[in-house]
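Biologist: I am new to this structure, and I would like a close look at a single chain. Please take me through that one part carefully, including how far the predictor trusts it.

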Amino acid sequence: MKNNTTSKGLGIHTRRAIAYIILILLSFFCLIWFFILFINATRANSELGTGFTIVPGTYLLKNWETMIHRPIPIVRGMFNSLFVATMSAILCTYFSSMTAYAIHAYEFKARKAVFTLILMIMTIPTQVSALGFIQLIGNIGLRDSHWALILPSIAAPVTFFYMKQYMDSTLPLSLIEAARIDGAGEFKIFNTMVVPLMKPAIAVQAIFCFVGSWNNFFVPTLVLDTETKKTLPILIAELRNTDWATFDMGAVYMSIAFSIFPVIIVYLILSKHIVGGMTLGGVKG
Amino acid sequence: MKRKLISALLCAAMATTLLAGCGGKTTDTNKANNASSNNEAKDGGDVLNIYVWNTEWQERVVAYYPNYEKVDDTTGKIGDVTVNWVITANQDNAYQNKLDEALDNQATAKDDDKVDIFLIEADYALKYVDTPDALPLSELGLDDSVFANQYQYTKDVVTDSNGQLKGASWQGCPGALIYNREIAKKVLGTDDPAKVQEAVSDWDKYAETAAKMQAAGYFMTAGATDSYRVFSNNVSSKWVVDGKINIDPNIKKWVDMTKEQADKKQINSASSYNLWQEDWKKGFFTDTANVFCYFGPAWFIDFSMSCDQDGSVGSAGGWAVTQGPQGFFWGGTWICAANGTDNKDLVADIIKTMTTDPTVLSKIVEEKSDFVNDQTIMEKYAKDEKFGNKYLGGQNPYGIFASGVSSVSLANQSAYDQGCNEEFQNAMTDYFAGKATYEEALQTFYNKITAKYPDIKAE
Amino acid sequence: MKKKKSSNVVKYNRWGYIFLIPFFVTFIVFQLIPLFGTFWNSFFENYRSGRQQIGPNFIGIENFKTIITSGLIWKYARNTLIMWVLGFVPQIFFSLLLGAWFSDKRLSIKASGFFKTVIYLPNLIMASAFAMLFFTLFSEGGPVNSILVNLHILKEPFAFLNDIAATRGLVGLMNFVMWFGNTTLLLLAGMLGIDPSLYEAAEVDGATSTQKFFRITLPILKPILVYVVITSLIGGLQMFDVPSVLTNGKGNPMETSMTLIMYLNNHLYSKNFGLAGTVSVLLFLITGILSFIVFKVSNEKNVK
């Protein structure tokens, strides 16, 4: 066996060495940016002009102060983002489970057609309907409101698809049947039995919904225009075209760091679930 | 049944999105014109709504308007009237969009929601001044004599095509050439403003000096667009003539001069030829000072050149100011009274006090270092040695700022200036960087402008 | 009064429709109605000139003529596709490679959990913040130039964002860094699902790793690959955050990094609802056609 591989291809040790080298290089490429960001967030505006150093500076707190006192309300933006993303994650996972449950548990006529329809919806880019969307929310009084960003997450085809996959493998119909015999109503079955059973899937998807909403940029810029309501990505983009204010690069790096590092820390804590969830929910061939 | 329901829903949807979204507006504007007469009878509303894009003017009002009581960051009280500041940042035109929306609804809005005061900038002043949106100040009982002391260009900006004054500003933003004393001494042998002026008194001399700077290892300016305003303030024709884009000879002159200097590396290309970049600001700091001059007004020195930071050229008093080749202005904020306001008397008093009252204006100069919009006051301060600017090594810059601006003529403003100025500078940076020919850069400019203003044509 | 079982089922199944209501109400209100509203707008002249509202006036397909004859939409479509390919090719290459390595039991990569965590990390980063970061890092006086000059790789700082290839390359690089971890994990899930006995049989026949990969792994992975290509293509056509923040919405240099959505966004901001609607419709068609082509091409190969 061993001889076979060495004669026809590279030896296992060589291959392993190559694999490690490439993996380390790619990891380097994933992390280097955040390293530079961290270093620069600790250095003063005047130091930044003189070139990059590997040693962190001493201006971390000072940059934090400058950032907080800039006219762009970054901290407020963080809370706005937290609110929008949390609400979206809750609505998105709950109602996607409900939609998936409808397709999974009931044998109604249009079932197949509805399933295909939802999959087709998945391929429509959201930006295509953006124009109609802003006109609509203007008419129903949701302009400049966080709810215009939260409510649409009830209809999330991708999350639905994941939930459906998960139900197929973990939710036997006999269980539901048994609950019905015990006299439970359909809503009650869903809320007290199905939702708890779906917890692992809900947790994974809640994270993805949260991150998706947290990072969303295109729609929020169209919806929100009051400075104190804006979410983080808009405020970060504002840094790019701030025109009048003095441009303190230390504070700019600090603002970017402030919007990136909390996500990284939460990710590192939850990484097992997230990476595991990705593999678990992958579209099976 | 179902199909009917869906199609009914869709029809309703289309009708609402289209009609309510856009159709309503034309009638609104018509109503707005009538509204002012209806509202004239009633005065003294309870809420004063002020539309602004930053807190600059708000700070001035809070500090200097008599009887203003601050409640929180966006509200205050003047007597019984609640002052409500509607602050929308200027990014991506958001401020104007918000203001437009409010003005569209001005006629139908409740009195307490009506816009009373809004602020504008020079680049798009005509958009509001040449429409019924802004009230002529004479209708508020403020005739032209009230503003006699103000700099003429600040009045030109807000004068409509019928010659009516429709706004006022408390500040003047005349610009000057701000140069690095150290570099001037090294290369020109002097840092005396009068002598340095001789080296930059017109564009030919300016070019010669640029060559000297380069020979000595310095850049003339930190970016290509530094000098843009100096040219665009002195044009002889408008950006749009008969519905077509028009490139003024002076603008073309800017392109040619800048291209030559860019090719000869007399301008710092590292800033991607744009303002406000990290590399553009290197000239502000002693360790990285590589730039002879910047163009800017008084606020530029006080707020933009990092003078309050350690290690900056300004903190060591290393800058000085001279007139430069041509006069220009940069920035400024104008206060307009909105058509339909229910607080005319108060609005009139605020405009009058904040832009003409000598005590208030003097205080603003002394405490906020603004260059205020009153020729008498500024002449007084120009002679006062106490007002030497420490960032300028003790030089008093007010006289120099005032002298340049008298030559600026704004006869050739147009409502398209904002978009044209922005997009033209942006498109030309590719030409300066050698990434495009002049024709290609011009084509990019045309593409952007026709997308921005569908009613004008490229050629 | 006992009900028959069949009617019981029917009664329950009605709940299927009830549970679908939130999804479809939301979908119809926030997506379908706006979609039709957008399309409807494309037939109207409707914009603002200063403070004046022009229209809406019905003008038929005039807007489509304007957009198509100006030709800009094709230019931006080309930009978008170029930048997508620049990111996607390395993305799919490294994802397949890494997936194969992670799933190869004989290779038994140690610390694979660590590597998976690291490569997936950039996917969670706010694209606008990431682009802002790249903008500062790659500016001419920024840290990357400073490092490259110090290492004597460059003689003098290079203006990345003034250079067409470099700007597009940076957008591609960012998309690659942000997405290859995600794709790797997706493909890995598929690879782990492949029956190990297939590989064992191949090994008995003396197949090399390369042969196993091309003969066994790839064909079985095909459905997932098609899924990855289509979703990535749709995502690519929606490219906006990264080039927009990187170039401040200008698509510099010379509009060569201007994407379709940035074009749409320009019309939305200048309140030109007629042309914005038209661009949306064309975008919808382009997305549909490209997805269809990818789907067809991959299916055809299946038949062979």
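Modeller: The score to know here is pLDDT, the predictor's confidence in each residue, from 0 to 100. This is a predicted model, in which local features need pLDDT of at least 70 and side-chain atom pairs count only at pLDDT 80 or more, while totals for chains, interfaces and linings use all residues. Residues are numbered from 1 along each chain as its sequence is written, with chains lettered from A and ligands numbered from 1 in the order in which they are written.

In chain C, pLDDT stays under 50 over residues 1–6, and for this stretch the model has one contact beyond four places in sequence (C-beta atoms, placed from the backbone, within 7 Å). Chain C nevertheless averages a pLDDT of 88, and 95% of its residues score at least 70. Confidence in chain C is highest in helix α3 (residues 72–103), at a mean of 94, and lowest in helix α12 (residues 273–303), at 83; helices (H or I, at least four residues) and strands (E, at least two) are DSSP runs, numbered from the N terminus.

For residues 77–294 of chain C, an unreviewed UniProt entry gives the feature "domain: ABC transmembrane type-1", in the numbering used here and with a shortened name, and such annotations may be inferred rather than shown by experiment. Across residues 77–294 the model of chain C is 73% helix and 0% strand, and the C-alpha atoms at the two ends of that range are 17 Å apart. For the complex to which chain C belongs, the predictor gives an ipTM of 0.85 and a pTM of 0.84.

Methods
Two residues are in contact if their C-beta atoms, placed from the backbone, lie within 7 Å.
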